[in-house]
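Biologist: Please show the model with its sequence. I should then like to go through it by question and answer.

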Amino acid sequence: KMGLKIAEIYNADITWSEIKRIGMLLAKGLGAVAAASYAGTSLLKYVPGVNIWVALLMQPPLVGAMTYAAGHSYKTYFEIVLTKGRKLTDDELKKLAEQAFMTRKKYFK
């Protein structure tokens with residue numbers, strides 16, 4: 001739904017199936033880096049002296065970073081399509097999502 005809203009803002013003519021394809025590729029790009037970050041913070045629950053609440057408080061910013069990365073990736077995709085007239089490849093979309101996530105994640109450290 002986020003992709004459709006952003007497409008609407010950019011007045012981009014795109015089908016639901018294309019939005020779903022882009023969304024799946026972005027999810028794959030975010031999946032590996034987000035899973036590693038999430039697993040790392042989840043492990044803090046098992047470190048003696050570290051309260052479970054500390055670990056749980058660290059996880060919402062990661063979810064925020066993932067949401068930002070997805071939105072930023074859709075926005076960048078539509079900017080490239082509309083200004084340069086070309087679509088990104090599957091690998092380019094995955095890398096776009098990874099870079100957006102890593103950029104945003106550093107602000108939450």
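Biologist: Of the contacts in the chain with a separation of 6 or more, what percentage do residues 24 or more positions apart account for?

Modeller: This is a predicted model, in which local features need pLDDT of at least 70 and side-chain atom pairs count only at pLDDT 80 or more, whereas totals for chains, interfaces and linings use all residues. Residues are numbered from 1 along each chain as its sequence is written, and side-chain values use heavy atoms, with hydrogens and water left out. A contact means heavy atoms within 4.5 Å. Among contacts with a separation of 6 or more, the part that belongs to residues 24 or more positions apart is 72%.

Biologist: In what order do the elements of the chain run from the N terminus on?

Modeller: Helices (H or I, at least four residues) and strands (E, at least two) are taken as DSSP runs and numbered from the N terminus. The chain has zero strands and four helices. Read from the N terminus, the order is therefore α-α-α-α.

Biologist: What percentage of the residues in the chain is buried?

Modeller: A residue is buried under 20% relative accessible area, exposed over 50% and partly exposed in between (1.4 Å probe, protein chains only). The chain has 109 residues, and the buried part is 33%.

Biologist: Within what arc do the buried residues of helix H1 fall?

Modeller: Helix H1 covers residues 2-9, and its buried residues are Gly3, Ile6 and Ala7. Seen down the axis, these line one face of H1, because the arc (taken from the directions from the helix axis to the C-beta atoms) within which they fall is 105°.

Biologist: Which residues of H1 are exposed on the other side?

Modeller: Just after H1, Asn11 has a positive phi of about 55°. Within the helix, on the side away from the buried residues, the exposed ones are Glu8 and Ile9.

Biologist: Is Ser73 buried or exposed, and with what relative accessible area?

Modeller: Ser73 belongs to helix H3. Outside its neighbours within four places in sequence, Ser73 is in contact with Leu26, Leu96, Ala97 and Ala100. For Leu26, 47 residues away along the chain, the separation of the C-alpha atoms is 7.5 Å. Ser73 is buried, and its relative accessible area is 1%.

Biologist: The backbone oxygen of which residue lies 2.7 Å from a polar atom of the side chain of Ser73?

Modeller: The rule for a polar contact is a pair of N or O atoms within 3.5 Å; within protein, one must be able to donate a hydrogen and the other to accept it, and residues adjacent in sequence count only if both atoms are side-chain atoms. At 2.7 Å from a side-chain polar atom of Ser73 lies the backbone oxygen of Ala69.

Biologist: What is the angle between the planes of Tyr74 and Phe78?

Modeller: Rings of Phe, Tyr and Trp (its six-membered ring) pair if their centres lie within 6.5 Å; planes under 30 degrees apart count as stacked, over 60 as edge-to-face and the rest as tilted. The structure holds three aromatic pairs. Tyr74 and Phe78 form a stacked one, with 6.4 Å between centres and an angle between the planes of 15°.

Biologist: Why is the pair of Tyr77 and Phe78 edge-to-face?

Modeller: Phe78 shares helix H3 (residues 52-84) with Tyr74, four residues apart. Phe78 is buried, with a relative accessible area of 1%. The rings of Tyr77 and Phe78 have centres 5.5 Å apart, and the pair is edge-to-face because the planes stand at 70°.

Biologist: Which residues form one aromatic cluster?

Modeller: Both Tyr77 and Phe78 are buried, and Tyr74 is buried as well, at 8% relative accessible area. The cluster consists of Tyr10, Tyr74, Tyr77 and Phe78.

Biologist: Which residues are linked in a network of salt bridges?

Modeller: A salt bridge is a side-chain nitrogen of Lys or Arg within 4 Å of a carboxyl oxygen of Asp or Glu. Glu18 and Arg21, three residues apart in helix H2 (residues 16-43), form one with closest N and O atoms 3.1 Å apart. Arg21 also meets Asp90 in a salt bridge at 2.7 Å, a pair that joins H2 to helix H4 (residues 90-105) across 69 residues. The network thus contains Glu18, Arg21 and Asp90.

Biologist: What is the N to O distance in the salt bridge of Glu92 and Arg86?

Modeller: Glu92 is partly exposed at 31% relative accessible area, and Arg86 is partly exposed at 37%. Their side chains meet with an N to O distance of 3.3 Å.
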